[in-house]
Amino acid sequence: MAFFLLELDPQTVQSKNWHMDVIEMNGIKVEFSMKFTSRDLSLKRTPSKKQSGVFGVKISVVTKRERSKVPYIVRQCIEEVEKRGIDEVGIYRISGVATDIQALKAAFDANTKDILMMLSDMDINAIAGTLKLYFRELPEPLLTDRLYPAFMEGTALSDPAAKENCMMHLLRSLPDPNLITFLTLLEHLKRVAEKEPVNKMSLHNLATVFGPTLLRPSESESSKAHITLASDIWSHDVMAQFEDARRYYSDADVVQVLLYYLQHPPISFAELKKNTLYFSTDV
């Protein structure tokens with residue numbers, strides 16, 4: 001596999017038009033066209049009007065239809081990556097072939113009977129890319145629009161105990177399909193990171209890849225630096241810390257949210273639900 005490094009002209013990046021270029025290497029000329037699309041636009045979520053298929057459909061709708069706790073597509077992609085892709089250098093970072101990803105997307109949407117055979121024959125980076133695409137195309141991020149500002153404020157808390165309570169409470173606030181799917185993905189990514197000496201994917205690398213996909217503000221929220229949190233969720237002490245931490249959040253801040261959970265000891269759905277913690281102003 002050959003890799004090319006192409007320096008982009010700043011004027012080309014700012015343009016909305018297609019730009020033609022040529023790469024020459026070892027007597028071979030490759031002509032191609034490119035156009036810059038901002039990250040915000042590429043990650044823009046367009047709610048689907050369909051209720052069939054899985055891409056662009058609410059995760060609660062999919063799990064209810066499948067009578068499952070975690071969408072089939074998530075379970076199968078994770079299983080395949082762990083079976084033959086966990087040692088792959090740059091897994092989840094290296095992009096799969098777009099046509100392969102679109103073929104898998106169509107197969108999962110149509111619930112094709114030979115999907116398992118397709119998965120076994122498909123390049124592992126395409127399968128990893130399909131999983132990322134599924135989360136990217138959810139009508140709402142997995143960690144939800146509503147809790148976005150709270151996650152951002154929680155990870156900025158300086159007191160370890162308050163931060164722990166806050167971040168666990170936020171997980172309990174997620175709808176069950178979102179929470180169980182997130183915990184499933186979390187443990188999978190930890191297993192991938194255990195192979196870092198081979199695949200070169202650290203917890204931070206994986207948080208960088210998945211963070212902005214799992215946690216992003218809605219369009220209405222992105223124009224604001226902050227949304228006031230519900231007073232019945234947090235104590236006045238914690239809210240005071242939030243007031244000190246409010247700022248505009250970047251992708252780097254989002255990465256820290258996912259990294260916190262990746263670095264945390266195993267989180268059990270049952271324990272989360274059983275050990276409900278409440279903030280108190282007496283602390």
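This report describes charged side chains in a predicted model, beginning with one buried lysine and moving on to the salt bridges.

## A buried lysine without a salt bridge

Lys132 is found in helix α7, which covers residues 124-136. Although Lys132 is buried, this residue has no salt bridge, and the nearest side chain of opposite charge, that of Asp123, is 11 Å away. Because a salt bridge requires a side-chain nitrogen of Lys or Arg within 4 Å of a carboxyl oxygen of Asp or Glu, Asp123 at 11 Å does not provide one for Lys132.

What does the side chain of Lys132 reach instead? The side chain of Lys132 comes to 2.6 Å from the backbone oxygen of Tyr92. Tyr92 also appears among the residues in contact with Lys132 once neighbours within four places in sequence are left aside, the others being Val209, Phe210 and Thr213.

## Salt bridges that involve helix α10

Side chains of opposite charge can pair when their charged atoms come close. In this model the count of salt bridges comes to nine. One of them is formed by the side chains of Arg191 and Glu82, with a distance of 2.7 Å from N to O. Arg191 lies in helix α10 (residues 176-193) and Glu82 in helix α4 (residues 72-84), so this pair ties together parts that are 109 residues apart in sequence. Both partners are partly exposed, Arg191 with a relative accessible area of 34% and Glu82 with a relative accessible area of 26%.

Another salt bridge joins the side chains of Lys273 and Asp176, at 3.2 Å from N to O. This pair, too, links distant parts of the chain, with Lys273 in helix α16 (residues 269-274) and Asp176 in helix α10, 97 residues apart. Lys273 is partly exposed, with a relative accessible area of 34%, and Asp176 likewise counts as partly exposed, at 37% relative accessibility.

## A buried arginine and a shared network

Which residue forms a salt bridge with Arg216? The partner is Asp251, and the closest N and O atoms of the pair are 3.5 Å apart. Arg216 sits in the loop between α12 (203-214) and α13 (219-222), whereas Asp251 belongs to helix α15 (residues 251-263), and the pair links these distant parts of the chain, 35 residues apart. Arg216 counts as buried, at 11% relative accessibility, while Asp251 counts as partly exposed, at 27%.

Elsewhere, Glu80, Lys83 and Arg84 are joined into one network by salt bridges that share partners.

How values were computed
Residues numbered from 1 in each chain as written. Predicted model: local features only at pLDDT ≥ 70, side-chain atom pairs only at ≥ 80, totals over all residues. Heavy atoms only, no water. Helix = DSSP H or I, 4+ residues; strand = E, 2+ residues; numbered from the N terminus. Buried < 20%, exposed > 50% of the residue type's maximum accessible area, 1.4 Å probe, protein only. Lys, Arg positive; Asp, Glu negative; His and termini not counted. Polar contact = N/O pair within 3.5 Å; in protein donor to acceptor, adjacent residues only side chain to side chain. Contact = heavy atoms within 4.5 Å.
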